[in-house]
Structure formats: C-alpha cells, structure tokens
Amino acid sequence: MTPDGSPQDPPDWRREFAEEARSERPDLARLCLLIGAVADPSVTRHDLNGAEIELDRLAGLVPYATRVTGDWSGTLAALLGGREGFTGVPSDYQRLESSLLHEVLRRRRGLPILLSVVWMEVARRAGAPVYGLGLPGHFVVGFGDPADLDLADPFAGGRAMTGTDAELLVAGATGEALDRSMLRPAEPGAIVLRVLNNIRAWAAPRPERSDVALWAVELALLLPSHPARLRHERAELLVRRGDFLTGAAEMEAYARVMDAVDPEAAATIRLRARAARARLN
C-alpha cells in the first residue's frame with residue numbers, strides 16, 4: 001500500500017532491468033537479481049535487498065589484511081568455497097535455480113558463472129582487483145593484471161588455476177588451443193547475456209517451459225548489445241506458445257532485416273510467417 005492507503009503497483013522488473021542495463025556503469029549483481037525477480041513472481045524488493053545485504057555481509061568477512069598480502073584467490077577460496085560452502089556439482093546444470101543469483105546465495109549452489117558472480121561481487125566490495133573470465137564452456141574469476149593469470153574456479157570451491165589449466169579447459173571444450181582473446185575480462189553486459197543464454201539452454205529441451213525461454217530472450221533483447229537472431233527466436237517462441245499473429249509479424253520484420261544479409265534465409269523466414277498465419281484459419 002502507498003502512504004495514502006491506495007494499492008501499490010507491482011514492481012516493473014523488466015523496466016528496471018532495461019534501465020540498469022543501459023546505465024553508464026551497469027551493476028552486475030542488480031542485473032542478475034532482476035533476472036531472478038522476472039523468473040520468480042514471489043520475489044519481492046525485500047528479497048532483492050536481502051541478497052545485496054548478504055553480499056555485503058560476505059565481503060565484510062574478508063580480512064582487511066588481504067589488501068596488503070594480495071592473496072585474494074586463497075582468501076576467498078577459504079571463505080566462500082570453504083567456510084560458506086559455495087561450490088557446484090554436475091546436477092546443478094539441471095536446475096533453473098542455478099542461474100538465479102538470489103537462489104544461489106540461498107542454496108550455496110549454482111552454475112560456474114553465477115558462482116563467479118558471487119565471488120566477483122564479494123571481492124569487489126572487499127576492494128579486490130577482480131574480473132570475470134568467460135572461457136569456452138566454463139566461467140572463472142581472475143585477480144590483478146589479466147596477463148598474470150591469477151585465476152580461480154568458484155565451481156570447484158575456488159581451486160586455483162594456472163595458465164596451463166586454462167589451456168586444458170579450452171582444449172577440452174573446443175578442441176582448439178587457447179587464444180589470447182579468450183583472456184579478455186568480461187563486461188557486465190556480456191556476463192548477463194551469458195547467464196540468459198544458459199537459461200535459454202536449460203529451457204530448450206523442456207517444451208513445457210517455453211515461458212522461461214521467452215522471458216530469457218526478451219530480457220536479452222533489452223541489453224544494449226545482443227545478437228540480432230534473438231528477434232527471430234522470440235518470434236518462433238510466440239508461435240510455439242499460440243500467439244501466431246504477433247509471432248508472424250515479428251518473423252516478417254526480421255526477414256526485412258535479413259534481406260540485405262541473406263535473402264535465401266529471409267525467404268525461408270517469410271514462409272514460416274505465412275505458415276504461422278495459416279494456423280489462425
């Protein structure tokens with residue numbers, strides 16, 4: 001209720017997500033928490049504030065002396081991976097909660113990228129020179145100068161990683177050698193897009209959860225930088241969910257974009273749009 005006793009409008013989490021994503025310095029934790037608010041209708045602003053307070057609490061447990069010793073990876077492994085129990089197991093990949101920051105803070109379990117977000121946000125609050133590293137197939141954190149490769153794997157409880165470990169990880173995921181471009185620290189927008197990609201990947205083999213795939217695509221489209229093909233994916237999801245008219249219209253709009261790039265693909269998309277409209281008859 002508002003101060004005058006009238007009903008209060010529910011939070012517009014998507015609008016807040018869009019505003020944060022387009023701000024001069026996007027807040028990674030807030031963006032991830034807003035994803036959770038869109039995913040879970042029971043989440044309140046109190047819950048989001050509580051999650052922020054938990055990150056602050058964890059940062060307060062980092063010894064101040066770490067700023068002098070510089071042993072951020074060892075200290076955070078002992079605190080977050082050891083004392084606080086943040087780690088990952090293979091079954092976490094089968095749970096949507098593993099991609100929602102407020103749930104990861106509650107369960108102490110999550111995907112590598114969400115556990116890395118916890119590490120990054122705690123370390124940042126404690127004054128560490130921390131960054132995220134989106135290696136193919138696995139997300140880790142680094143400290144200091146990226147050229148030094150002072151890396152840790154939060155999914156493994158904070159296991160220290162060497163440059164050789166990173167090379168082996170990339171080789172196992174792609175069959176190719178580590179490229180120096182892979183060692184570029186990830187920006188908040190890229191991290192959030194990867195989180196949403198993971199959610200889309202979770203929903204893909206679950207047709208009954210096309211609702212999850214749809215909101216994940218729609219949030220990704222609110223990011224300043226995103227793949228254009230997501231517009232087509234959203235159109236396909238709308239058709240799959242029975243909104244044939246809107247889905248067909250969006251397919252046709254995407255086909256106009258594709259005309260200059262791939263006319264053959266554009267023609268195929270128009271055929272799909274025609275087929276979607278036919279399902280209204």
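User: What makes the 67 residues of the largest nonpolar core a core?

Analyst: Let's start by noting that this is a predicted model. The largest nonpolar core in it has 67 residues. To belong to a nonpolar core, a residue must be buried, be of a nonpolar type such as Leu, Phe or Trp, and be joined to others through side-chain atoms within 4.5 Å. Inside this core, the residues with the most contacts are Phe17, Ile35, Leu101, Val122, Leu196, Ile199 and Trp215. Helix 7, residues 112-126, gives the most to this core, with 10 residues. As a general background, nonpolar side chains tend to be buried together in soluble globular proteins.

User: Which residues does Leu196 touch, leaving out those up to four places away in sequence?

Analyst: Leu196 touches Phe17, Ile35, Trp215, Ala216, Leu219, Ala220 and Leu223. Touching here rests on heavy atoms within 4.5 Å. Phe17, Ile35 and Trp215 also appear, like Leu196, among the core residues with the most contacts.

User: Why is Glu16 called buried?

Analyst: Glu16 has a relative accessible area of 8%. The cut-off for buried is under 20%, so Glu16, at 8%, is buried. Glu16 is found in helix 1, residues 13-21. The buried residues of that helix are Trp13, Glu16, Phe17, Ala18, Glu20 and Ala21. What covers them includes helix 2, helix 3 (45-60), helix 9 and helix 10.

User: How do you know that Glu16 and Arg30 make a polar contact?

Analyst: The contact between the side chains of Glu16 and Arg30 is 2.6 Å. A polar contact needs a pair of N or O atoms within 3.5 Å, and 2.6 Å meets that limit. Setting aside neighbours within four places in sequence, Glu16 is in contact with Pro11, Arg30, Leu34 and Arg45.

User: Is Ala249 buried, partly exposed or exposed, and what value tells you?

Analyst: Ala249, found in helix 12 (residues 244-258), has a relative accessible area of 37%. Partly exposed lies between the limits of 20% and 50%, so Ala249 is partly exposed. Ala249 and Met120 are 41 Å apart in space, C-alpha to C-alpha, and 129 residues apart in sequence.

User: How do you know that the length of helix 10 agrees with what is expected?

Analyst: Helix 10 covers residues 210-221, which is 12 residues. The expected span is 1.5 Å times one less than the number of residues, so helix 10 should span 16 Å. Its end C-alpha atoms are 16 Å apart, and the two values agree.

User: Why is helix 10 called largely enclosed?

Analyst: Of its 12 residues, 11 are buried, so helix 10 is largely enclosed by the rest of the structure. Among those buried residues are Val212, Leu214, Trp215 and Glu218. What covers them includes helix 1, helix 2 (28-39), helix 9 (188-203) and helix 11 (229-240).

User: What makes strand 1 and strand 4 edge strands?

Analyst: Strand 1 (130-135) and strand 4 (159-161) each pair on one side only. They belong to an open sheet of 4 strands in the order 1-2-3-4, with antiparallel pairing. Neighbouring strands of this sheet are turned by 35° against each other on average, ignoring direction. Helix 8, residues 163-174, packs on the sheet and touches strand 1, strand 2, strand 3 (150-153) and strand 4. The direction of helix 8 makes about 90° with that of strand 4.

User: How do you know that strand 1 and strand 2 pair?

Analyst: Pairing requires at least two bridges. Strand 1 and strand 2 (residues 138-143) have 6 bridges in the antiparallel sense, so they count as a pair. Gly134 stands opposite Phe139 in strand 2.

User: How many bridges join strand 2 to strand 3, and how many join strand 3 to strand 4?

Analyst: Strand 2 and strand 3 pair over 3 bridges, and strand 3 and strand 4 pair over 3 bridges. With a minimum of two, both count as pairs. Leu151 of strand 3 has Gly142 opposite it, and its bridge partner in strand 4 is Met161. The hairpin of strand 2 and strand 3 has 6 residues between the strands, and Gly144 takes a positive phi near 75° there. In the hairpin of strand 3 and strand 4, with 5 residues between the strands, Gly157 takes a positive phi near 80°.

Key:
Residues numbered from 1 in each chain as written. Predicted model: local features only at pLDDT ≥ 70, side-chain atom pairs only at ≥ 80, totals over all residues. Heavy atoms only, no water. Axes fitted to C-alpha atoms, helices over the stretch in contact; angles between N-to-C directions. Buried < 20%, exposed > 50% of the residue type's maximum accessible area, 1.4 Å probe, protein only. Polar contact = N/O pair within 3.5 Å; in protein donor to acceptor, adjacent residues only side chain to side chain.
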